[in-house]
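Please read these notes with the model open beside them. They are arranged as numbered points for someone who has not met this structure before.

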Amino acid sequence: MERALCVLAHPDDVDFGSAGTVATWTAAGTEVTYCIVTDGDAGGFDETPRDRMGPLRQAEQRAAAAECGVADVLFLGHPDGRLELTLDLRRDISRVIRQVRPQRVLSTSPERFWDRIGASHPDHMTTGEATLRAVYPDARNPFAFPELLADEGLEAWTVSEVWLGASPQANHAVDVTEMRDRKMAALRCHVTQTSHSPDLEQFVTGWMSQTARRFDLPEGRLAEAFHVVHTM
Ligand SMILES: [Zn+2]
């Protein structure tokens with residue numbers, strides 16, 4: 001796998017769900033790009049003025065990406081908390097897929113996770129659905145969004161597989177035990193989101209060890225889980 005693209009709704013989504021997995025990919029020599037659909041300007045808990053929040057969270061996400069070996073971070077600038085499944089969103093994600101030409105795309109599940117409702121933020125499900133529609137059929141169909149080819153010279157591109165986080169039907173776990181420190185370092189870069197949680201490490205490690213147990217990994221291991229979908 002040469003290139004992977006991670007498409008997530010908010011700055012910090014990739015780090016909570018997948019930073020360990022991304023770190024294993026970059027360690028193996030895969031080039032990873034992050035495409036963050038909103039600037040997360042509706043998030044945060046402090047008195048930061050709202051117009052400062054977007055730029056701050058972009059900077060936090062770039063720092064967190066660096067902790068996992070990712071230098072390429074794009075922001076689409078859609079409104080946080082008000083994301084809708086539109087043709088504009090599909091085209092924006094299709095454009096990035098054709099620019100990056102990844103073999104693998106990581107996103108969030110479009111399905112609601114009834115056991116962990118917090119994972120199914122509407123922006124997450126919308127991003128997952130728009131990303132799947134961009135992977136199939138938009139990005140691979142030269143006649144979909146013809147302006148991408150005519151005006152920008154972006155040829156059709158077929159993504160081979162999609163990894164969906166926060167899925168009610170996860171079918172694959174990645175052992176990220178060795179990447180625990182990098183994941184925690186990435187999460188701590190999101191100061192506006194995580195600095196108020198003194199037990200962040202405890203609860204993130206708790207999820208990952210539960211996931212490892214669910215997939216029968218040996219005692220003491222940590223894992224992140226995905227619904228892997230083959231799209232060719
Ligand atoms: Zn989110």
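1. Glu155 sits in the loop between α5 and β5 (161-165). Helices (H or I, at least four residues) and strands (E, at least two) are DSSP runs, numbered from the N terminus. Glu155 is partly exposed, with a relative accessible area of 49%; buried means under 20% relative accessible area, exposed over 50%, and partly exposed in between (1.4 Å probe, protein chains only). Apart from neighbours within four places in sequence, Glu155 is in contact with Arg98, Arg101 and Leu149, contact meaning heavy atoms within 4.5 Å. Between Glu155 and Ala139 there are 8.5 Å in space, C-alpha to C-alpha, and the two are 16 residues apart in sequence.

2. On the source: this is a predicted model, in which local features need pLDDT of at least 70 and side-chain atom pairs count only at pLDDT 80 or more, while totals for chains, interfaces and linings use all residues. Residues are numbered from 1 along each chain as its sequence is written, and side-chain values use heavy atoms, with hydrogens and water left out.

3. Which residues hold the zinc ion as protein donors? They are His10 (ND1), Asp13 (OD) and His124 (NE2), at 2.0 to 2.1 Å from the ion. Donors are N, O and S atoms within 2.8 Å of the metal (3.2 Å for Na, K and Ca); water is not among the atoms, so the site may look incomplete. The spacing of the donor residues in sequence is H-x2-D-x110-H. Distant parts of the chain are linked by the pair His10 and His124, 114 residues apart: His10 is in the loop between β1 (3-8) and α1 (13-27), and His124 in helix α4 (residues 122-138). His10 counts as buried because its relative accessibility is 7%, and His124 is buried too, at 12%.

4. Pro137 also belongs to helix α4. A cis peptide bond, with omega about 10°, joins Tyr136 and Pro137. Most peptide bonds are trans. Pro137 is partly exposed, with a relative accessible area of 32%.

5. Two residues other than glycine deserve a look for their backbone angles. Phe145, in the loop between α4 and α5 (146-152), has a positive phi of about 45°. Asp216, in the loop between α8 (200-214) and β7 (223-230), has a positive phi near 60°. Most residues other than glycine have a negative phi. Are these residues buried or exposed? Phe145 is buried at 12% relative accessibility, whereas Asp216 is exposed at 69%.

6. The axes of α1 and helix α6 (residues 180-189) come within 9 Å and cross at roughly 130°. Axes are lines fitted to C-alpha atoms, for helices over the stretch in contact, and angles run from 0 to 180 degrees between N-to-C directions. The angle makes α1 oblique to α6, since angles under 35 degrees count as roughly parallel, over 145 as roughly antiparallel, 65 to 115 as roughly perpendicular and the rest as oblique.

7. Residues of α1 that meet α6 include Asp15, Phe16 and Gly17, and among their partners in α6 are Arg182 and Lys183. The buried residues of α6 are Lys183, Met184, Ala186, Leu187 and Cys189. Their cover includes α1, α2 (50-67), α7 (191-194), α8 and β7.
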